[in-house]
Every structure is written in C-alpha cells, then in structure tokens.
Amino acid sequence: MSQACDRMTCVTPTPARPDDTPELRKARGAFFTPLPIVTFMTNWALRDVGDSVYEPSAGDAEFLVDAVRRLKELSTDPHFRPVVNGVEIHEQSALAGRQRVRAAGGEPSIEVNDFFLVDSAVKYTAAIGNPPYVRYQDWSGEARLRSREAALRAGVPLTGLASSWASFVVHSTSILQDGGRLALVLPAELLSVNYAAPIRAFLFNHFRTLEIVLFESQVFPEAEADVVLLLADGFNSGPTDHAFIRHATDAESLVSLDSGSKWSPEDPAGKWTGAGLITPEATIPMRNLRSTGAFVDLEVWGDTTLGIVTGNNRFFALSPRRANELGLRPNELIKLSPPGSAHLRGLELTRPMWDELGRGDKQTWLFYPGVKLSSAAEAYIEAGRIAGVNEAYKCRVRKTWFRVPIMRPADLLLTCMNADTPRLTTNSAGVHHLNSIHGVYLHGSVRELGRELLPLASLNSITLLHAEMVGRAYGGGILKLEPREADLWSMPSPDLVLSRADALRTIRGEVVALLRQGRLLDAVRVVDGVMFSDQQLVDIDALAHIRASREVLASRRATRGKSG
C-alpha cells in the first residue's frame, strides 16, 4: 500500500483527480486534515526565514504548501520563493504536490521514493506532517520490514503489532539537525498502546521539550480515529523529565491554545493516558499505596487469560432450547458464559443465575463433543461443514475443526469492553468463557480469599481510576482492557483485603443491591468507606481528587465516543 493512500492524508479540497473519488479516499483511509491544524503546526515548527523543512510521506504536500506561506511571512523579500522538501512514494501525488507548492510561490524538492529508503546527508530544521496510519494487519511485506529496520537503526525495537506511524516517528528524526523540531499528527494510540512504549521513551530521551495537544472532540470524525499533535523541540538535546499537555476543544480552538500544564510521568515508556488530566493530588496517593504494598498489580492475585476463540460463536455457542432441538447429548456440551458481558455486572455469577440465563434463551452451552459422536452431533457437524464453518481460520488450523481448545473454568470473570469500568465477577457457576471476556486464574495461596472478596474489594476509587489509565478508549466511548493491561491493573493487596474481610462481608448485601440498581459510583463509595477507613492510607481530600480525576477521564472518553 502506498504511503499516500493509507493515511489521514493532509489535502485541501482542491479538485480531485478523476480516478480519486471521495469514496475511494475514504475506503483507503485518506481524509482532509483541518487547515487550522496544519497552520498551527507549521507556525510552531518554522520560526525563522532560514529554517529548512521536510515532510515525510508528503502526499499532495499540504504541509509543504503551508510551509511556503509561513516562510514567506517570515521573509522581508517580496520575491522570496522558499525551497521545501519531502518524499512521497506515490508518483501522482508527488506530481500534484509539486504543482501546488509552485502555485503557492515556493520551489518543491519532493522525491518519489519510500521514506524508509531515505538516508539523507542533508539535515533539516523541522520535519512536519501526518504520517500514514496503517494498522499492523495491513502493514506487511517489504514496506513493514524496511520500516522496522529503520526504527531499529535508531535504537528503537518495534514489535510486530506496531502500526505504520510508529516507525515514521523514529525515522523522521533521522533527517533532523541537532536541535531540530518534529511536528506530527499522530493517532492517540501514542498515549496508550503497548507497542508504542519504546516510542514514548525515545521521545523523552532525545528531545529537550515535548508538547502534546489533546482534543476534546474528534478532528477526523470520518476516520473514526482520535489524534494528538506531537510537538518535539531540541532533537539530541534531551533527555527531559516532563512534557507540557495542552488541551483544545477542536481544530478551530488551536488559535487560542494556552501554554498547557507540566506533566512528569513516573515512567516515560508507560502509558500517557492520564497525561495532563490527572492531578498530582491524585497520582501521589496512588503511588504511595503501591510503594507501601497496600495496592498491587492484579497479576499478584492471579493470571489473566483470553477466552475461548471458537471461530464461529453462532455455531458453537448454543441456547438450551437450540441444543434440545438438535438432540445433542449432555456430554457433548459444556457450560458457557453467554457471549457478551451484560450478565457480569454484579459480584458473582451463580448456578441459579446461569440457569436463568438459559431460560432466557441465552447461549449457555458450548458444543464440545467427545471422540465418540452421537448421530445428532454428526448431523450438526455435517451441517456446519456444509455452511463453511470449518473454513474459518481458527477452525481450519485445528486438528479437529469442531473441537475448540478450552481451559478449566476461571476463578473470576473479567469484563474487557466497558462503558463504565471493568468488573470482576466470581465464577461460582463454574462456566467457561469466550473471548468477549477474560478469565482470571487465582494463585493457590489467595484463591479462596480472591474468589470471595476481590470482586467486591476491587470496586474502589483507586482501582476505577487506574482502569482508565491502563486501559484504552475505543469507538463509542468503550474502555478496553487487554490481558497484559489487566496484569498491571491496581488492586487492593491480599493483605489489605484480608484485614478488611469482616467489614467487606458486612457491606456485601448493600453493594449488591446498589449494583442491581445501576448505581455503580454509590457502590464504590460504600466500598471506599471500608477499604480506606484508615485515613493513613488515603485521606478524604486525596480520595476526592482521585474520584474527580476518574470522572474527568471517563467523561472525556464518553464525550469523544459520542463525537465519533
């Protein structure tokens, strides 16, 4: 895929080429970047008439056109025609870009090439633009290999999960002068995804100052992707121990942007999800609780795992009514938590609750036949083969396509896609789980305590805030938690839960009733009253800051979900 064709491309609404319709641009992920963003970034990056500029993956050269405008503004010569530089892999886009630069009064030097083959001896004052955004599934072949090699030459190892923008950030610094500036439009993934950890560390290590601009609303609504602006100054003059976080309502509000707030991460490579949104009055108590061992990672309690991947839930997950219609034997079915997680918003999934789900025609059975098949199972398998279920990838790679791999039932079930917050639920029904949720297998020494009380103890303000920090926001304002992220999720320690065990048992009924009424935050306040009854752990003022910070993050996530 060409760099020009797989990006939130920076183009102005000039007449499109006949072979490049709006529908085709949308299909390949090319969207107009609001001019206020282009102007803001160009003005920030270019400060003197002698500044040189380079745009990686120039596309139709929108940033270079605006660089001409900016450099001419800085010049006292009315006849000045600034030279602007870039590279573009797509020849037709490069041609259009050159024409647009000339029309703007500049001289284009736009090479047709793969940016990752560029090893320029010339270094520039500023690299500006909007790198391609191709997810790892589509970022493959030679292009992907070259991009990862380029990043590795700069000392940044990227995993196979990295999308295209990540290597562009690193390689863009290869054309910078010492002290140079980097101004890029990037996916908000920069702040939260695990594969971006080395990028985050690289930026803190190599630049003198960093600024991140966050938007309250989506500025690429057609792309259904959140973006941030990265403004990095003073290349090879780092490291720095802080960044400035600036907030904009939308693209138009950039003209009145304030200087931002100073933010110092505990670990630059760690997630920046709460950057500039969580007050020190909230983060310091959280750090203290972890340093004293009162709060620990969830993996101290147990191992978080993905659920069963069937390859076709509609075939393998069956309601009791459907299993009865098919005539399947009990030994050809195993108990299942139905697809989804709406039934896991309480503290426990009991056998009577699971039975009730089945009576409501939920898919509470997993088709799991043994070696000896009944005639009903044989008929169902044949029907699946005729329907092509066996051709699904996960089915096709199995030795026996209709026998899904399973683990023993997890101790706790963990909701991983949440509008409010992730929930832990005790799996008293002993059901297996699909990949719509995660399972937590508790360590032996804490298994009994964790099964009884961890779902209740986890409903505290510290844990709710930390979920917003370690998780990532998805479309519709959903908070997603992957197993690796769940491993790092802050939980009360086993010792702390044990010390509060009697009090937790006392409030259990009240919390269950509040959760049934959908009053999550009221339930959390009740749990806080027990977990933090000793104000030496967290005092009332700190708790107020923690709750407020969580509300800011959750509200921002929900608002941005609606704006998409």
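Q: How do strands E5 and E7 pair, and over how many bridges?
A: Two strands are said to pair if DSSP finds at least two bridges between them, and strands themselves are DSSP runs of E with at least two residues, just as helices are runs of H or I with at least four, both numbered from the N terminus. In this predicted model, strand E5 (residues 176-187) and strand E7 pair in the antiparallel sense over seven bridges, and within that pairing Ala 183 stands opposite Leu 231 in E7.

Q: Which residues does E7 span, and is the strand mostly covered or open?
A: A residue counts as buried under 20% relative accessible area, as exposed over 50% and as partly exposed in between, with a 1.4 Å probe and protein chains only. Strand E7 covers residues 227-235, and nine of its nine residues are buried. Strand E6 (residues 207-215) also pairs with E7, in the antiparallel sense and over seven bridges, with Leu 210 opposite Ala 232 in E7.

Q: In which sense do E6 and E8 pair?
A: Here the sense is parallel, for E6 and strand E8 (residues 243-248) are paired over five bridges, and Val 213 stands opposite Arg 246 in E8. Strand E8 is in turn joined to E9 by three bridges, and these two strands run antiparallel; Phe 244 has Lys 262 in E9 as its bridge partner.

Q: What is the order of the strands in the open sheet of three strands?
A: The order is E12-E14-E13, with antiparallel pairing, and the edge strands, each pairing on one side only, are strand E12 (317-318) and strand E13 (333-335). Three bridges join E13 to strand E14 (residues 365-367), where Ile 334 stands opposite Leu 366.

Q: How should I read the second largest pocket, and how much space lies in it?
A: On a 1 Å grid over the protein atoms alone, a pocket is an open set of points with protein on both sides within 12 Å along at least five of seven lines, where a 1.4 Å probe fits, and its lining residues have an atom within 4 Å of a point. Grid points are joined across faces, edges and corners, and the volume is the space filled by probe spheres set on the points. By that reckoning, about 980 Å³ of space lies in the second largest pocket, and of the 35 residues that line it, the closest to its centre are Glu 266, Asp 267, Lys 271, His 466 and Met 469.

Q: Which element gives the largest share of that lining, and how do its residues divide?
A: The largest share, six residues, comes from H9, and the elements that give two or more residues include helix H9 (280-291) and helix H17 (461-470). Ala, Val, Leu, Ile, Met, Phe, Trp, Tyr, Cys and Pro count as nonpolar, Asp, Glu, Lys and Arg as charged, and the others, Gly among them, as polar; the lining divides into 14 nonpolar, eleven polar and ten charged residues.

Q: What is the mean pLDDT of the protein chain?
A: The pLDDT is the predictor's confidence in each residue, from 0 to 100. The chain has a mean of 90, with 91% of its residues at 70 or more, although over residues 1-18 the value is below 50. Residues are numbered from 1 along each chain as its sequence is written. Local features need pLDDT of at least 70 and side-chain atom pairs count only at 80 or more, while totals for chains, interfaces and linings use all residues, and side-chain values use heavy atoms, with hydrogens and water left out.

Methods. Contact means heavy atoms within 4.5 Å.
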